[in-house]
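Dear colleague,

Here is the structure I promised to pass on to you, with the sequence alongside. Please open it first and keep it beside you while you read the notes that follow.

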Amino acid sequence: MARNSSSRAESGMIPSGDIIAAVATAWGEGAIAVVRLSGEGSVALADAFFRGKRPLRLEPARRMALGYIMDGGAVVDQALAVRFERGASYTGEESVEIHCHGGVYAARKCLGLFMSRGSRLALPGEFTKRAFLSGRIDLAQAEAVLGVVRARGDAELVSSGRSLQGELSMGLKELSSSLTALRAEIEARIDFPGDVDDAEYASYARGVSAIHEKTVSLLGRCRVGLALANGIRVAIAGRPNAGKSSLLNAMLGSDRAIVTDIPGTTRDTLDAALIHRGMSMTLVDTAGMRDIDTARAGADMIESMGVERSRAAIGGADFCVLVLDASSPPEREDFEAARAVSARPAILAMNKRDLGIVLSGADTEKLGNFIAAVETSAPSGHGVNELKDALFEAALGSASPYDGMMATERMVSALESAANCVEEAARALDECRGADIAGSLLSEAAELIASLLGGDASEELLDAIFGSFCVGK
Ligand SMILES: Nc1nc2c(ncn2[C@@H]2O[C@H](COP(=O)(O)OP(=O)(O)OP(=O)(O)O)[C@@H](O)[C@H]2O)c(=O)[nH]1
Ligand SMILES: [Mg+2]
């Protein structure tokens with residue numbers, strides 16, 4: 001992989017002398033703003049504007065030097081500068097960082113000076129792309145960088161850090177080499193199929209099953225990482241006055257949505273985010289499901305728009321919470337709401353428990369299938385934590401969020417396909433048939449896994465991955 005990457009660099013995909021520059025810190029007022037340069041000649045470029053005790057090229061690498069950024073005779077800013085040598089920098093190339101005083105203007109001015117002398121503005125993610133192309137990191141690690149940047153909670157940060165450190169890459173490499181070794185062994189026997197006896201098939205099948213187990217375990221951890229990175233979107237649906245907005249407020253611990261005893265209080269959808277057990281959840285409060293035909297004249301149009309939006313919110317959610325007023329028997333509108341959520345995995349919130357539950361098991365059964373049912377009371381907060389737990393478990397199962405490894409949808413889907421290939425290969429061997437089929441399935445799985453490390457990633461794929469980074473990263 002590293003060999004492949006460096007050959008990209010040597011083949012001229014990173015033009016020598018192509019120096020990229022960007023402000024690496026967020027735009028806005030802050031303590032410092034970092035301007036980054038990368039590419040052969042970065043130090044000489046920095047020295048054209050940096051005045052310290054001595055030129056930056058004479059300073060030891062990776063040591064901060066204090067000086068001034070000069071525009072002709074005028075001081076732009078007092079700054080710290082540091083140089084990194086080729087092979088020992090983030091990008092793997094000769095690089096420089098200038099730490100200006102935080103504020104937009106000085107850093108932008110400094111960037112402008114570098115651009116006036118031949119550097120160009122870096123594309124989004126180009127520093128990290130160069131790190132990948134020079135073989136400093138593989139694709140799984142490069143994508144983990146984005147995970148660290150975007151982490152919103154502890155568990156997500158832990159899972160990104162783990163992938164960044166190379167734990168996922170290591171797991172993938174181990175799988176890849178076990179697959180290759182076993183495939184070679186099996187394929188060597190294909191030339192003599194008559195010689196392969198049942199015991200030998202059984203032994204290969206055991207070997208492949210062991211690899212399958214490892215693939216599934218890695219896949220499970222990646223699914224956790226992906227769920228943490230994506231978070232979940234939860235639509236809170238139900239008939240008017242069931243207590244949807246009250247439950248949303250109770251789950252958030254703040255009065256985000258308006259609550260009244262007038263049915264039809266919520267007209268528009270409202271998003272609010274929370275983090276529960278390290279998982280980010282976006283809750284969407286919706287307008288009550290009302291039978292529009294029976295709605296009051298005059299309110300029809302707004303209500304029907306609200307109901308349309310509720311349906312769209314349900315369609316865009318990973319999970320739904322169907323809120324019922326459990327202190328009264330189900331009504332026509334409860335069935336309407338239950339039908340609307342039926343296409344999504346849904347949890348039943350039997351609300352207004354404090355008023356006494358009259359809803360029976362038979363009633364809830366008639367409403368449909370739910371992954372869990374929780375009794376809640378919005379004013380006291382009873383059951384609210386259980387409701388959040390039920391959502392968490394619906395997303396992660398019994399896995400601990402701290403076992404996750406940051407992964408993208410692409411990774412999870414490639415690992416799923418690889419696991420299927422390996423499983424099929426094990427089955428074929430177990431049934432004492434097709435050593436050649438098993439060999440080609442194992443080879444397909446190995447290719448899928450290699451693609452996650454970026455072995456022969458296409459330019460389009462790399463552009464898609466790094467294009468989602470910010471400029472300067
Ligand atoms: N006793 C009791 N009252 C509740 C509970 N949850 C909500 N309420 C009351 O029920 C009424 C309606 O609550 P909302 O949260 O506005 O209901 P909603 O489902 O959002 O209603 P719409 O926005 O009209 O669709 C308010 O008077 C709330 O105080 C509960 O658990 N117990
Ligand atoms: Mg409401």
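The model is a predicted one, and I begin with a sheet of 6 strands, which is open and has mixed pairing, its strands following the order 9-10-8-11-12-13. At its edges stand strand 9 (270-276) and strand 13 (372-375), and because each of them has a single partner strand, one side of each is left without a neighbour in the sheet. If you look along this sheet, you will see that neighbouring strands are turned against each other by 25 degrees on average, direction ignored.

Within this sheet, strand 11 (residues 319-325) and strand 12 (residues 346-351) run parallel and are joined by 6 bridges, and in this pairing Leu324 stands opposite Met350 of strand 12. Helix 11 (residues 332-341) lies across strand 8 (232-238), strand 11 and strand 12, and its direction makes about 170 degrees with that of strand 11.

Strand 12 also holds Ala349, which counts as buried because its relative accessibility is 0%, the cut-off for a buried residue being under 20%. Which residues is Ala349 in contact with, once its neighbours within four places in sequence are left aside? They are Leu247, Val321, Leu322, Val323, Leu324, Val374, Thr376 and Leu387. Leu387 lies 38 residues away from Ala349 along the chain, and yet the C-alpha atoms of these two residues are separated by 7.5 Å.

At the edge of the sheet, strand 9 pairs with strand 10 (residues 279-285) in the antiparallel sense, over 7 bridges, and Leu274 stands opposite Met281 in strand 10. These two strands form a hairpin with 2 residues between them, and Arg277, in the turn, has a positive phi of about 50 degrees. In a regular strand, side chains alternate between the two faces of the sheet. With that in mind, compare the two faces of strand 9: Leu270, Ala272, Leu274 and His276 make up the covered face, whereas Asp271, Ala273 and Ile275 make up the uncovered one.

Next comes the metal site. Which residues coordinate the magnesium ion (ligand 2)? The coordinating atoms are OG of Ser245 and OG1 of Thr266, at 2.0 to 2.1 Å. Ser245 lies in helix 9 (residues 244-252) and Thr266 in the loop between helix 9 and strand 9, so the pair ties together parts that are 21 residues apart in sequence. Are these two residues buried or exposed? Both Ser245 and Thr266 are buried.

Helix 9 appears again when we turn to the empty spaces in the model, since helix 9 supplies 3 residues, the largest share, to the lining of the second largest pocket. This pocket holds about 300 Å³ of space, and among the 26 residues that line the pocket, Asn241, Gly243, Lys244, Ser246 and Thr260 are the closest to its centre. Apart from pockets, a search of the whole structure finds 1 cavity of 30 Å³ or more, and the largest cavity has about 70 Å³ of space. Thr266, which you met at the magnesium ion, is one of the residues that line this largest cavity, and others in the lining include Pro240, Gly264, Arg267, Glu303 and Val307.

There is also an open sheet of 7 strands, with the order 3-4-5-6-2-1-7 and mixed pairing. Strand 3 (50-52) and strand 7 (120-121) stand at its edges, and because each has a single partner strand, one side of each is left without a neighbour in the sheet. Strand 4 (residues 65-71) and strand 5 (residues 74-84) run antiparallel and are joined by 7 bridges, with Val75 in strand 5 as the bridge partner of Met70. Helix 3 (residues 104-116) packs on this sheet, where its direction makes about 15 degrees with that of strand 2 (32-38), and the strands that helix 3 touches include strand 1 (20-23) and strand 6 (95-101).

Finally, helix 4 (residues 126-133) lies across strand 1, strand 2 and strand 7, running at about 135 degrees to strand 1. How many of the residues of helix 4 are buried? The helix is mostly covered, with 8 of its 8 residues buried, and among them are Phe127, Lys129 and Phe132. After helix 4 comes Gly135, which has a positive phi, near 85 degrees.

With best wishes

Methods. Residues numbered from 1 in each chain as written. Chains lettered and ligands numbered in written order. Predicted model: local features only at pLDDT ≥ 70, side-chain atom pairs only at ≥ 80, totals over all residues. Heavy atoms only, no water. Pairing = 2+ DSSP bridges. Helix = DSSP H or I, 4+ residues; strand = E, 2+ residues; numbered from the N terminus. Axes fitted to C-alpha atoms, helices over the stretch in contact; angles between N-to-C directions. Contact = heavy atoms within 4.5 Å. Donors = N, O, S within 2.8 Å, 3.2 Å for Na, K, Ca; no water. Buried < 20%, exposed > 50% of the residue type's maximum accessible area, 1.4 Å probe, protein only. 1 Å grid on protein atoms, 1.4 Å probe; cavity = no way out; pocket = protein on both sides within 12 Å on 5 of 7 lines; lining within 4 Å. Points joined across faces, edges and corners; volume = space filled by probe spheres on them.
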